[in-house]
Amino acid sequence: MKPRPLLLALALSVPFAMLGQTSAQARDLTVVNFGGANGDAQTAAFIKPFEKESGKPVISVAYNGEQAKVKAMVQSHDVVWDAVEVETGDLGRGCEEGTYENIDWSKILDKSDIVQGALKYCGVGTFVWSTVLAYNADALKTAPTGWADFWNVKKFPGKRGLRKGAHYNLEFALMADGVAPSDVYKVLATPEGVDRAFKKLDELKPYIQWWEAGAQPVQMLSAGDVVMSAAYNGRIDAAQREGRNLKVVWNGGVYDFDYWVIPTGSTNKDQAIAFVKYASSPKAQAAYSQHIAYGPISKKAIGMLSPDVLAKLPNSPANARNALFNDLDFWTDHGEELEQRFAAWAAR
Amino acid sequence: MILVGPLALFLLIIFVIPIGSLLTRAIDNPEVIQTLPTTLKALQHWDRKSTPPDTAYLALSQDLTKAKNSPSAGELARRLNYEIPGYRSLLFKTLRRTPIQATDGPAARDALLAIDKRWSELPYWAAIANNDKSWSPYYLLASLDLKLNSKGDVTSVPPDTSAFRAIFSRTFVISLVVTLVTLLLGYPLSYWITRLSKRRANLVLICILIPFWTSILVRIAAWVVLLQREGLVNSALMHLGLISEPLPLLFNRLGVYIAMVHILLPFMVLPLYSVMQSVPPTYQRAAISLGSHPFAAFWRVYVPQTYPGIGAGSLLVFIIAVGYYITPALLGGAGDQMISYYVAYFTNQTTNWGMASALGLILLVGTLLLYSLYRKISGKELTLG
């Protein structure tokens, strides 16, 4: 068979294209997110419409949140990612260490439309997600109503799923011990509060089944390995769409944002800003929340959604009433210390 | 010599140099001396018991003014936060109020104290003064649950937060158990294969190798399906009436052992098989014909001839097992994680590369020590049959 000229040209151009990535003009805007169902929703709600509007192609890349990659790119002055979705904990650190461009988003976006907490100095919220109590409605006759029930192994016998690590579990433990969501971080900031949280975790230790990846609690709940679990609300929603009888308790959920950042030295900075501006618009945000159960960062978008969709979002007025906003500053200051204490606790 | 030149160069460029530079991060300590040079000078003769001199306050306010809005401020805050959790937000709180309008020591002191009372506490100043060198044993000590106290002596961290010693010993225990179990399972299997005809031996070897070509994640997922509460193993045992309650086979140490043994078994079988193949069966028959009990003939004539295979297989399995990460992460509980889990945590999640390098360095040294112990005991170099 004769080699097709087009394929041949493509094959030959690949190495050159890779060489050319460092040179400024040739590179298309590269948007990096976490892939999966979230990536698909972003492609439909942000990337495709933005391509149409700007008339320029956008490359979409999935990664696993490793900031080591971004940091290495910035340090070697070879930045090939332009708009990157990062988690809260990474935002603070990366911003302070200059890994992300310092952009005052409050001057670029319509400040009055953005929900509280979504505007940070280096980043702007991508969407709102929440770590919630989820349960298998086939396994439990009465519905649990909060973390106190999660700790009540007499009334709700069976194993519980929690994510390996200190983050969120200490908050859940304090709420189970009767601390109001608004006071959780005040209590946790004291050594006595930390002791109190670990003591509460002690009570539940024999009943805990630990998970690592977001897909695991869904699998564990469906398989009957656990009766209740902490889980990411988007994963539970995806399981519900597949017809599994899993339910969410919004009371005491810890909600948080993912953020858009622009790595320092990106040659497509202006285009990346335009993309983030588009993705934060009410229209794009409302479209996104219809694809996946993550909440919009735009107040107008919340108004544009139907009650059915709102019932599944972490920051709809009803669901957010008794929720806790993850305290980024607290976890950047105390994260390593508490994770180490958690490792010591788990080894006992 | 010339023939191995290209390989040596290749190894040097892609292996020795990157790993070496990574390991130097375990003691690298540039943040304080680069960002707070004048403060360090002012603290040079400070005794660490009395309040720091006023000149130190002035020097700090000047250094911070210079560092404001530069990446070095973030690096400094991260470094000092390791010494005292909360130092990071103290520094950023202070940085937000810079430049401090003070021209002499007492005024700078008042200005800093007005921003935060913590600037009057000695440990915050000692944290700066103790990092006056471009290298620091901090990460290596922290990896062994040790730290330097304010006097400069090495002390243990409180048992509440002391984790890494337990994790290192857990890593070696898990690897050792996995090595022993693969040896117990692999030895009879390899022996059996050597007794088969050539064609059938090939068939069995292919059966051993097929899982080897499957992605490790797929195999882990398969174990989840088999071992979960209502999985195949539990439901089979319950149907047979052997158990009345499902056994906890997953998300604990047992699950980690089962999957790791399965994944690492080929690494034991292959070296064993290759050694056993070269052992002439006539020796054993000769021993029996000379009046030895068949078991004694096996134990005293056959087994010693397979020692190189046992050594090579065990070493291979042990060294691979020591670095295991994804299997314990997905199949183990919070108390079953091996050291690589924490290396990944520090590398990717908190980007504390000093700590990640230090843990890696200690793991490397520990493994090399065990290897030299092996050489001492076996008295020979590692050979593959």
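**Exercise 1. Is A:Ser229 buried or exposed, going by its relative accessibility? Work this out, then describe its surroundings.**

A word before the solution: this is a predicted model, in which local features need pLDDT of at least 70, side-chain atom pairs count only at pLDDT 80 or more, and totals for chains, interfaces and linings use all residues. Residues are numbered from 1 along each chain as its sequence is written, chains are lettered from A and ligands numbered from 1 in the order in which they are written, and side-chain values use heavy atoms, with hydrogens and water left out.

*Step 1.* Start with the cut-offs: buried means under 20% relative accessible area, exposed over 50%, and partly exposed in between (1.4 Å probe, protein chains only). A:Ser229 has a relative accessibility of 0%, so this serine counts as buried.

*Step 2.* Place the residue: A:Ser229 belongs to strand 7 of chain A. Helices (H or I, at least four residues) and strands (E, at least two) are DSSP runs, numbered from the N terminus.

*Step 3.* List the surroundings, using contact in the sense of heavy atoms within 4.5 Å. Leaving aside neighbours within four places in sequence, A:Ser229 touches several residues, including A:Val132, A:Phe150, A:Gly161, A:Trp211 and A:Leu221.

*Step 4.* Look for polar contacts (pairs of N or O atoms within 3.5 Å; within protein, one must be able to donate a hydrogen and the other to accept it, and residues adjacent in sequence count only if both atoms are side-chain atoms). The side chain of A:Ser229 has a polar atom 3.1 Å from the backbone oxygen of A:Gly161, and makes a polar contact with the side chain of A:Trp211 at 3.4 Å.

**Exercise 2. Which side chain of opposite charge is nearest to A:Asp225, and how far away is it?**

*Step 1.* Find the residue in the loop between helix 10 (215–223) and strand 7 (228–232) of chain A.

*Step 2.* Sort the charges: Lys and Arg count as positive and Asp and Glu as negative, while His and the chain ends are not counted.

*Step 3.* Apply the salt-bridge rule, a side-chain nitrogen of Lys or Arg within 4 Å of a carboxyl oxygen of Asp or Glu. The nearest side chain of opposite charge is B:Arg229, 5.3 Å away, and A:Asp225 is buried without a salt bridge.

*Step 4.* Now check the backbone of that arginine. The backbone nitrogen of B:Arg229 is 2.7 Å from a polar atom of the A:Asp225 side chain.

*Step 5.* Complete the picture with contacts from both chains: leaving aside neighbours within four places in sequence, A:Asp225 meets residues including A:Lys159, A:Gln209, B:Gln228 and B:Phe251.

**Exercise 3. Describe the interface of chain B and chain A.**

*Step 1.* Count the residues: 47 from chain B and 40 from chain A take part in the contact.

*Step 2.* Take the buried area, which is the accessible area (1.4 Å probe) that two parts lose on being put together, summed over both. For these chains the buried area is about 3500 Å², with carbon and sulfur atoms giving 49%.

*Step 3.* Tally the pairs. The rule finds five salt bridges across the interface, and B:Arg78 forms a salt bridge with A:Glu97, their closest N and O atoms being 2.7 Å apart. There are also 17 residue pairs in polar contact across the interface (both at pLDDT 80 or more).

*Step 4.* See which elements of chain B contribute. Those that each supply at least two residues to the side touching chain A include helix 5 (71–83), helix 10 (164–195) and helix 19 (339–349). Helix 19 gives the most, with seven residues.

**Exercise 4. Where do B:Pro99, A:Tyr168 and B:Arg48 sit, and what is noteworthy in their backbones?**

*Step 1.* Recall the background: most residues other than glycine have a negative phi, and most peptide bonds are trans.

*Step 2.* B:Pro99 sits in the loop between helix 6 and helix 7 of chain B. A cis peptide bond joins B:Thr98 to B:Pro99, with omega about 0°.

*Step 3.* A:Tyr168 lies in the loop between strand 5 (160–163) and helix 7 (169–176) of chain A. Its phi is positive, near 75°, and A:Tyr168 is buried, at 8% relative accessible area.

*Step 4.* B:Arg48 lies in the loop between helix 3 (37–42) and helix 4 (54–67) of chain B. Phi of B:Arg48 is also positive, near 70°, while B:Arg48 is partly exposed at 30% relative accessible area.
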